[in-house]
Amino acid sequence: LVLSICLMIFVGGLTRLTDSGLSIVEWKPILGSIPPLSEKKWIIEFDKYKSTPEFLIQNFDISMYQFKIIYWWEWGHRQLGRIIGVVWLFGFLYLLFRKKIPKGWTKWFLFLGILGGIQGFLGWWMVSSGLEGTMIDVASYRLAIHLTVAFIILSVILWFILTLSNIDHVKNSNPKRRNKKLLILINIILLTLFLQIIFGALVAGIDAGKSYNDWPLMSGKWFPEDAFYSNSLAMSFFEEAGLVQFNHRVLGYAIFFLSL
């Protein structure tokens, strides 16, 4: 399950890089697992895509061959999500009926499946943001939330593994013997890494990485000039490319020095 989720995050990143996420304009959790199997059905799917802002504004000259490439990327991403759901379901039912779930852990294993279902919904919520208006990409903050939940699920599973693998050791450990200062520092680094992942998603969501291509300065200055062009100060942190890239860089520096 851990490996499949890591693969899911990797494929999700490639789906974003290839601008494939908006190629499938409907969310059909079960029937959507069947791809177009005839030229007629491919034409139907292509016509649906032609109604999206991405096609009308950016990809208006895309060919059927090119559409199939981005379609397969998005279909594969969604299909992998379905496979993860099936792996969890059969694994959960197997352990449940064989009575192999440790005492008190049934609710936690079930909670993991619920998280997976929420993630599937968030994926569609993200995609739907790019199917109306003048959006040619998904909303950056929805992309960040989608990726964040993926890492939360991965973290929860790893927490389960560590706890169950060392359950006797954890029960018998003496909290007084723990290095509290080291634990605090490690948690600060983990939190900063987590924030960096979120800001990385924001950078990807609005292509902020392309706004400044010099380093360590940004067009010869330490702080971007276009940081607060947005009408809303709060939304500048999500929508202004210069500020989003600046925050991503600063967090990178913070992680480097904290690690040292």
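How far apart are the mean positions of the positive and negative charges of the protein? In this predicted model, the 24 positive and 17 negative charges have mean positions that lie 20 Å apart. The C-alpha trace over which these charges are distributed spans about 65 × 55 × 25 Å along its principal axes. The accessible surface amounts to about 16200 Å², and carbon and sulfur atoms account for 69% of that area.

The secondary structure consists of ten helices and zero strands, so that the order of elements from the N terminus reads α-α-α-α-α-α-α-α-α-α. Of the 260 residues in the protein, 36% are buried. Contacts between residues at least 6 apart in sequence were also examined by their separation along the chain, and 72% of them join residues at least 24 apart.

Two of the helices were compared with the span expected at 1.5 Å a residue. Helix α4 contains 34 residues and should therefore span 50 Å; the distance between its end C-alpha atoms is 48 Å, in agreement with that value. Beyond the end of α4, residue K99 follows with a positive phi, near 55°. Helix α5, formed by residues 106-128, has 23 residues. Its first and last C-alpha atoms are 34 Å apart, close to the expected 33 Å.

The buried positions of α5 are F109, L112, G113, L115, Q119, L122, G123, M126 and V127. An α-helix has 3.6 residues a turn, so residues three or four places apart point the same way. The buried residues of α5 pack against two other helices, α4 (64-97) and α6 (140-165).

The largest nonpolar core comprises 19 residues, and those with the most contacts inside it are I5, F109, L112, I153 and F160. Two or more residues are given to this core by each of α1 (2-17), α4, α5 and α6. The greatest contribution comes from α6, which supplies six residues. The surroundings of L112 were examined further: leaving aside neighbours within four places in sequence, L112 is in contact with L1, W88, I153, V156, I157 and F160. Another core lies apart from the largest one; this core has 14 residues, including L143, A201, L202 and A208.

Two residues in the C-terminal part of the numbering were considered individually. F228 occupies the loop between α8 (180-205) and α9 (233-239). Its relative accessible area is 43%; because this value falls between the limits of 20% and 50%, F228 is classed as partly exposed. With residues up to four places away in sequence not counted, F228 touches F223, L233, S236 and L243. F199 stands 29 residues from F228 along the chain, and their C-alpha atoms are separated by 17 Å.

N247, by contrast in location, is placed in helix α10, which runs over residues 241-259. The relative accessibility of N247 is 14%, and N247 therefore counts as buried, the limit being under 20%. Outside its neighbours within four places in sequence, N247 is in contact with F199 and F237.

Conventions
Residues numbered from 1 in each chain as written. Predicted model: local features only at pLDDT ≥ 70, side-chain atom pairs only at ≥ 80, totals over all residues. Heavy atoms only, no water. Helix = DSSP H or I, 4+ residues; strand = E, 2+ residues; numbered from the N terminus. Buried < 20%, exposed > 50% of the residue type's maximum accessible area, 1.4 Å probe, protein only. Contact = heavy atoms within 4.5 Å. Areas by Shrake-Rupley, 256 points an atom, 1.4 Å probe, with all protein chains shown as cover. Lys, Arg positive; Asp, Glu negative; His and termini not counted. Charge placed at Lys NZ, Arg CZ, Asp CG, Glu CD. Expected span 1.5 Å × (residues − 1). Core = buried A, V, L, I, M, F, W, Y, C linked by side-chain atoms within 4.5 Å.
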